[in-house]
Each structure stands twice: as C-alpha cells, then as structure tokens.
Amino acid sequence: MTNMKIYNKYIAAIALSLVLASCKAPMATVIKDEMKENVPQNFNQEDQGDANNNSGTTPWRQFFTDPDLVSLIETALKNNQELLITLQEIEIAKSGVLAKKGRLTPTVAAGIGAGVKKSGRYTSEGAGDATTEIEPGKEMPDPLGNFEGGLMANWEIDIWKKLKTEKEAAVAHYLSTVEGKNFVLSNLIEEVADNYYELLALDNQLDIIQQYIKLQQRALEISKIQKEAAAATELAVKKFEAELAKSKAAEYTIRQNITEKENQINALLGRYPQPIVRKKESFMSTVPQTVYTGIPSQLLANRPDIKQAELELKASKLDVEVARKEFYPSLEISATLGLEAFKPSYLVKLPESIATSLAGELAGPLINKSAIKANFQTADARQIQSLYEYDKTILNAYLDVANLMSKVKNIDQYYQLKSQETKALDQSIDIANQLFKNSRADYLEVLLNQRDALDAKLELIEAKQKQLSTVVDIYKSLGGGWK
C-alpha cells in the first residue's frame with residue numbers, strides 16, 4: 001500500500017513538472033486594428049454620404065439592363081475557369097473543417113491479425129512456456145501462434161482547447177474562401193462588362209472610320225476633278241490618296257482589335273472563339289446609371305475582399321493560439337477490446353480469450369523546443385502580416401471609391417465637351433468641303449478639318465466607353481457584383 005502511494009506521488013510530480021515546464025510558453029504579439037477604427041465618415045468633404053443609398057447592395061441582374069450583357073455574364077458564371085478553380089478551393093477548405101472536427105472525437109478502428117513466434121529455450125519467456133500446461137497434460141505449443149481481432153480506440157483529450165481552436169481557425173479560413181469566391185464573382189462581372197463596352201466602342205469606331213473613308217474618297221474624287229480643271233495640283237491628289245490609305249490601314253487595325261476583344265470575352269466565358277451577340281447602334285445613346293456610394297463604413301460589410309481579409313486575420317490569430325498551445329502537454333487515451341488466443345479454436349472460449357487494455361499518456365515538450373518555437377514565431381509573424389494585409393485592403397477600397405467618384409464627375413464633363421467639339425468640327429468639315437469645291441479653300445484645310453473631326457469622334461466614343469466602364473468599376477468597388 002505504501003509503495004502505491006509513493007508511485008502515485010511520482011506520477012503527480014512528473015505531471016506537475018510537465019505542466020510547469022509547458023506553461024513557460026511565449027506570449028503572442030498583441031495587435032490592434034487602427035485602420036478599421038479610423039475609417040472616415042465620408043469619401044470626401046463635399047459628399048455627406050447617405051447610408052440609405054448604396055449601389056453596392058444592388059444585385060447585378062438589376063444593375064445591368066442590357067440583355068446581351070446579362071446573357072454573357074450568366075454564361076461566364078457557369079463556365080469561367082478561374083471561378084471553377086475557386087469553387088474547388090472552397091471544397092478543400094470545407095474538407096479541412098471536417099478534418100479538424102474529426103480530431104475532437106475518438107478514433108475507433110477494427111482489425112484482425114495472426115502471427116507465430118518461437119522463443120529461445122534458454123530465455124525467461126521460452127523457459128516459462130516450456131513449463132506451462134494449457135490444460136492438464138497439454139503443453140504450450142512451440143512455436144506459439146497468435147490470433148486476434150477486435151476494436152481499437154484512440155482519443156486525444158482536448159484539455160487546453162487546442163483542437164477546438166484548430167477547428168475554429170479552419171472554419172474562419174473556409175469562410176474566407178467563400179468571400180474569396182464572391183470577390184472573384186465581382187471581378188469577373190466587372191471584367192465581362194468592361195470588355196463588352198470596349199467591344200461596342202470598337203464597333204462604333206469602325207463605323208466612324210468607314211464613314212471617314214467614304215468622305216475621303218469623295219474628297220479625292222473632287223481633287224482629281226479640280227486637278228483636271230487646273231484648280232488643284234498633283235500634290236493635293238497625293239495628299240488625299242495618302243490620307244485615304246492611312247484610314248484604310250486604321251480600319252484593319254480596329255478589325256483586329258475587335259477580333260481580339262471578342263476572344264478575350266470568350267475566354268472569360270470559358271468557350272472557344274465565336275461571335276459575341278451585341279447591339280452597337282444604341283451604344284452612344286446609353287445613359288450611365290446613377291451610382292450612390294453610401295458611407296465608407298459600409299465597405300467593411302459590402303466588399304468581399306475586405307471580409308475575406310478580416311476572416312484571414314481571425315484565422316491567423318487562432319493559428320497563433322494553436323501554436324502557443326503546442327508548448328502544453330497533451331493527454332491521449334487508448335483502449336482495445338477483442339479476442340486473442342494462440343489457436344483459432346480457442347477464440348470462442350469466453351471469457352478466457354477476451355483481451356482488453358486501457359492506457360493514458362500525458363506528454364509535453366521539455367528539452368529542444370526549437371521546432372515548436374519556430375512554428376509559434378511563424379504563426380505570430382503571419383498574424384501581424386494578416387493585419388497589415390487587412391489594413392491595406394481597407395485603405396485601397398476607400399481610395400478606389402474616392403478616385404472613381406472623382407472620375408465619374410470628370411469623365412461626364414469631358415464627354416460633354418467632346419460632344420460640343422465633335423458638333424463644331426462636323427460643321428467645319430461641311431464648310432471646308434464646300435469652300436474646297438469652289439476653290440476658295442486649300443486642300444490642307446480640308447485634310448486638317450477631317451483629321452480633327454475623326455480624332456474627336458473617336459475620342460468621343462472612347463469617352464462614352466469610359467463613362468460606362470467607370471460606373472461598372474465604382475459599382476464593383478462599392479462591393480457590388482456578387483449578389
């Protein structure tokens with residue numbers, strides 16, 4: 001009895017030593033998210049912000065009204081390879097949660113086994129078997145067989161909540177992959193819409209070039225007639241010919257750009273090259289949607305990239321907790337229940353063939369903790385890195401919206417002025433052509449007017465494209481596009 005008390009004291013002393021040694025775990029760096037706390041009240045001083053109006057919460061099917069564009073987006077959401085890859089990342093993260101959850105419960109396995117063993121006669125085991133009778137008059141077999149079957153269980157008791165923390169970290173990472181998928185959705189819709197508007201702009205620029213070519217052909221014919229009438233020179237004819245050739249070359253450049261832009265959209269839609277269904281006629285008359293920005297704090301809830309960064313920060317903090325708890329001892333319990341005998345026929349002899357075991361193990365690191373310390377320091381550094389990444393995401397989101405708000409206003413003014421310039425130059429072309437016919441204007445005046453008018457019309461089309469694309473970009477920057 002006295003020996004048992006001494007034995008229990010030794011066990012308690014060892015366990016206490018493990019606990020005390022493990023409690024010397026280093027402390028994690030305490031981080032504070034100041035960027036989130038200091039988000040400005042408004043995007044600029046002029047805009048007071050209306051929390052009730054935020055275009056970022058509008059579902060994309062309501063935001064985009066062009067049926068051809070909606071059809072393209074729907075195809076992209078089904079077939080885009082990057083999106084499909086992201087969906088598999090979600091499945092991987094979901095499996096990670098199940099794996100961590102499984103560690104919280106005992107592991108139970110069933111197994112059977114058979115073997116044979118022959119011990120030396122002059123060993124304690126061999127000598128003991130030689131003098132042992134299984135039954136009166138029946139010696140122990142030599143060699144000795146062993147047949148067994150039963151259940152085996154193993155369970156790590158989560159005394160420090162380490163396994164639970166691992167599961168919480170896996171859940172946070174899984175949720176971050178879901179937000180990552182939403183961010184991919186938002187980017188994909190923005191990219192499809194931007195390329196669609198660029199394609200329509202190229203279509204309209206091609207029409208302008210073709211109209212300009214016809215205009216130059218007429219001017220060339222007039223210059224030839226005037227040359228025959230000695231009202232113009234060969235130099236004027238050659239200048240008009242050169243300008244016509246230049247415009248035809250530009251036409252083929254635009255055609256190539258249209259082909260590449262169509263294939264760029266097809267790539268986003270995950271399909272081989274084919275024509276993109278669209279209506280170019282209404283492009284220049286399309287009025288951009290009015291975008292309401294709400295207040296900056298809504299970005300934290302609307303933008304999936306911010307929510308993803310926030311969840312990754314949460315997961316990294318939990319990873320630090322897990323790494324710190326590696327310094328603590330772990331408690332594992334193992335148990336077996338089954339049948340064991342040296343002959344198969346003896347397996348059914350109960351209770352003699354029943355074999356059981358139960359063991360508990362408390363173990364913790366004492367010496368050479370360098371690997372555990374390294375893992376902890378890595379997790380702590382990643383926690384700080386995640387905070388910086390989160391802060392950067394918030395700042396970039398705010399700046400994106402602020403820049404695009406300014407761009408929307410400035411591009412609208414730019415478009416209005418380009419419209420005025422185009423109208424004035426169209427009128428000047430008619431005047432110059434009429435004067436040229438009557439030999440009252442030089443051919444250079446006609447050429448310069450035509451070039452200026454062409455450039456202005458192409459720039460006007462580009463301004464319309466930027467108008468529409470900027471609205472799409474700010475919609476995405478406000479967190480729209482994934483709902």
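Visitor: Which residue meets the side chain of Lys261 in a salt bridge?

Guide: In this predicted model, Lys261 lies in helix α8 and its partner in helix α7, so the pair ties together parts that are 63 residues apart in sequence. Lys261 itself is buried, with a relative accessible area of 12%, whereas the partner counts as partly exposed at 26%. The two side chains meet at 2.5 Å, N to O, and the partner is Glu198.

Visitor: Is Glu262 buried or exposed?

Guide: Glu262, also in a salt bridge, pairs with Arg278, and their closest N and O atoms are 2.8 Å apart. Glu262 lies in helix α8 and Arg278 in the loop between α8 and α9, so this pair links parts 16 residues apart in sequence. Because buried means under 20% relative accessible area, the 15% computed for Glu262 makes this residue buried.

Visitor: Which helix supplies the largest share of the largest nonpolar core?

Guide: This core has 53 residues, of which Phe64, Leu69, Val192 and Tyr197 touch the most other members. Helices that each supply at least two of its residues include α3, α4, α8 and α12. The largest share, 20 residues, comes from α7.

Visitor: How far apart in space are Gly150 and Ala232, C-alpha to C-alpha?

Guide: Gly150 lies in strand β4, which spans residues 144–157, and beyond its neighbours within four places in sequence it is in contact with residues including Ala109 and Leu337. Gly150 and Ala232 are 82 residues apart in sequence, and their separation in space is 109 Å.

Key:
Residues are numbered from 1 along each chain as its sequence is written. This is a predicted model: local features need pLDDT of at least 70, side-chain atom pairs count only at pLDDT 80 or more; totals for chains, interfaces and linings use all residues. Side-chain values use heavy atoms; hydrogens and water are left out. A nonpolar core is a set of buried Ala, Val, Leu, Ile, Met, Phe, Trp, Tyr and Cys residues joined through side-chain atoms within 4.5 Å. Buried means under 20% relative accessible area, exposed over 50%, partly exposed in between (1.4 Å probe, protein chains only). Helices (H or I, at least four residues) and strands (E, at least two) are DSSP runs, numbered from the N terminus. Contact means heavy atoms within 4.5 Å. A salt bridge is a side-chain nitrogen of Lys or Arg within 4 Å of a carboxyl oxygen of Asp or Glu.
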